[in-house]
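Thanks for asking me to look this over. Below are my notes, set out point by point so that you can follow along with the structure open.

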Amino acid sequence: MCYAMPGRVTEISDGKVVVDYFGERRRVRNDFFKLAVGDYVYAQGGFIVQRISAAEAEPVLTTWKEYFAQLNKTDLRLASTGEDLRARANRVRREHTGNSSCVHGIIEFSNHCRADCLYCGLRSSNKSLKRYRMTPGEIVAAADYAIEKLGFKAIVLQSGEDAFFDGKTLSGIIARIMGKHPVLIVMSVGERDYSDYEAMYSAGARGALIRFETSNPVIYEKLRPGRRQAERLSLIKRLKSDGWIIMSGFIQGLPGQTEKDIAADIKLSESLGVEMMSFGPLIPHPDTPLAAAPPADFEKILDTIARARIMFPELRILVTTAAETLGGKEAARRALMAGANSVMVNLTPPEYSGLYSLYPGRVPVAGSRGEAVAETVKMLREMGRAPSDIGSTE
Ligand code: 5AD
Ligand code: SF4
C-alpha cells in the first residue's frame with residue numbers, strides 16, 4: 001500500500017482514539033472496532049477504517065520508518081523559505097497537521113440531476129449532455145478496484161441528485177462495499193429525503209460531501225432555482241449532529257460574489273464544523289446560463305486556501321479537481337504549498353468519466369486510473385507528504 005500508513009493506538013478515551021505515527025500523534029474517531037492500546041490501525045479522514053494485526057503492520061512500518069523521516073525532512077525544507085501569505089500558510093499547515101496528506105478516490109456514478117444550478121453542466125436543463133448511470137454492480141466493482149487494486153481507504157461516491165438511486169439502493173451499494181472491505185465511504189449525493197441519509201449511515205457510510213456553495217443567500221437562491229439556502233444549511237447541520245463527517249465548502253468566482261462573501265464563506269465552513277473544506281473555482285460551462293461568466297482567478301484560489309489555513313490551522317483543506325483543471329499542471333503542487341493538505345483522485349471508470357461534466361475540461365484528461373494515482377503519489381512523495389491520516393494533532 002503506497003499511500004496508506006498504519007499507526008499504533010496509544011490512548012483511548014471518550015470514544016476518541018490517539019494513533020501514533022513514528023512519534024506523531026493524531027486523535028481520531030472509532031465507530032466500528034473494539035480496540036486496545038497497542039493495536040495497529042489504518043485511519044482516514046480522522047476516522048479508523050481498519051484494524052490490522054501486528055504481523056501485518058510491522059513489516060509495513062519497517063519499510064515506512066526511514067522513508068517517513070525522509071519525507072518529513074523534504075517537507076521541512078520546502079516549507080522553510082518564503083514570507084508571503086502562501087508560504088506562511090504552508091508553515092502553519094506543517095506545524096499543525098504535519099506532513100500528512102489525505103488521498104481520497106472519487107467515483108462519479110450518475111450524471112443525472114433533477115436540480116438546475118445555473119453554473120453546472122449536469123443541470124437538468126442541459127439537454128445536450130449524454131446521461132449515464134452506473135449499475136449498482138458497476139459501482140461496487142469500481143469501488144473494489146479502487147480499494148483492492150489501487151489501495152484506497154477512503155472512497156467518495158458522487159452523483160447528481162438522481163432519484164433513481166433511492167435510500168434503499170444506495171444503502172445496498174454501501175453495505176456491499178463495506179461487507180467486503182474496511183473503508184471510509186463518503187457520500188456526495190446532494191439534497192434528498194433525510195431517510196435516505198439515515199439508511200446510508202446504517203449501512204456504514206460515515207462521510208457526507210455536501211457544499212453549501214456560497215454563504216450569500218441572494219446569490220445562492222439566484223443560482224439554484226427553487227432551492228433555499230436555509231434548507232441546505234439545516235441539512236448539513238443535521239448530518240453533522242447525527243455523526244456524519246462533513247466535507248463542505250463553496251465555489252469561488254460566482255457572479256456577484258465579493259471578497260467579503262469569500263471571507264464569510266471561509267468562516268461558515270468552519271462554523272459548520274466541517275472535517276474537510278472543499279472550495280473550488282468557478283469554471284463556466286458552455287451549456288449553462290453562466291457560459292459567458294469569467295472563470296475564477298486561480299491565484300485568488302491559492303490566496304483563499306492560504307487564508308483559510310491561517311484562520312483554521314487544523315483543518316483538512318482539499319485541492320479540488322476544479323482548481324487542478326483551472327490551474328494546469330502545477331496547480332495541485334502550488335495548492336499544497338499554499339496550505340492545502342488533501343487530494344482527490346478521480347476513479348470513475350474511463351467510459352463514464354468524460355460525461356461527468358460539472359464544468360468543461362475536467363482532469364484527468366488522459367491516462368488510466370492507475371496512472372492518475374501513480375502521478376498523485378509521486379507528487380506527494382516529491383513534496384515530502386506522507387499518507388498518514390491527518391486527524392487532529394495531539
Ligand atoms: N465550476 C466549478 N465548480 C462547479 N460545481 C458545479 N458546477 C461547477 C462549475 N461550473 C461544483 C459545485 C458542486 C460540486 C459537485 O461541483 O460546487 O457542489
Ligand atoms: Fe446537480 Fe450538483 Fe450540478 Fe447542482 S451542482 S446541477 S445539484 S450536480
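1. In this predicted model, the C-alpha centres of domain 1 and domain 2 are 26 Å apart. Domain 1 covers residues 7-73 of the protein chain, and domain 2 covers 85-384. Where the two domains touch, domain 1 contributes 16 residues and domain 2 contributes 23 residues.

2. Next, ligand 1. Its surroundings are made up of Tyr 119, Cys 120, Gln 158, Arg 211, Glu 213, Ile 251, Pro 281, Leu 282, Ile 283, Leu 358 and Tyr 359. Sorted by class, this shell holds eight nonpolar residues, one polar residue and two charged residues.

3. How is ligand 1 held by polar atoms? Start with the backbone: a polar backbone atom of Tyr 119 is 2.8 Å from a nitrogen atom of ligand 1. A polar backbone atom of Ile 283 is also 2.8 Å from a nitrogen atom of this ligand. From the side chains, Arg 211 places a polar atom 2.7 Å from an oxygen atom of ligand 1. On its own, ligand 1 has 400 Å² of accessible area, and the protein covers 88% of that.

4. Ligand 2 deserves its own look. Around this ligand you will find Cys 113, Ala 115, Cys 117, Tyr 119, Cys 120, Leu 122, Arg 123, Gly 160 and Arg 224. The shell of ligand 2 divides into six nonpolar residues, one polar residue and two charged residues.

5. Try reading the two residue lists side by side. Tyr 119 and Cys 120 appear both around ligand 1 and around ligand 2. For Tyr 119, there is also the backbone contact with a nitrogen atom of ligand 1, at 2.8 Å.

6. Which cavity do the ligands occupy? The space taken by ligand 1 is the largest cavity, and ligand 2 sits in the largest cavity too. When you have the model on screen, this is a good place to return to with both residue lists in hand.

Key. Residues are numbered from 1 along each chain as its sequence is written. Chains are lettered from A and ligands numbered from 1 in the order in which they are written. This is a predicted model: local features need pLDDT of at least 70, side-chain atom pairs count only at pLDDT 80 or more; totals for chains, interfaces and linings use all residues. Side-chain values use heavy atoms; hydrogens and water are left out. A residue is near a molecule or strand if one of its heavy atoms lies within 4 Å of it. A polar contact is a pair of N or O atoms within 3.5 Å; within protein, one must be able to donate a hydrogen and the other to accept it, and residues adjacent in sequence count only if both atoms are side-chain atoms. Accessible areas come from the Shrake-Rupley method with a 1.4 Å probe; for residues, only the protein chains shown count as cover. On a 1 Å grid over the protein atoms alone, a cavity is a set of points where a 1.4 Å probe fits but cannot get out, and a pocket is an open set with protein on both sides within 12 Å along at least five of seven lines; lining residues have an atom within 4 Å of a point. A molecule sits in a cavity or pocket if more than half of its atoms lie within 2 Å of its grid points. Ala, Val, Leu, Ile, Met, Phe, Trp, Tyr, Cys and Pro count as nonpolar, Asp, Glu, Lys and Arg as charged, and the others, Gly among them, as polar. Domain bounds come from an automatic or database domain assignment. Contact means heavy atoms within 4.5 Å.
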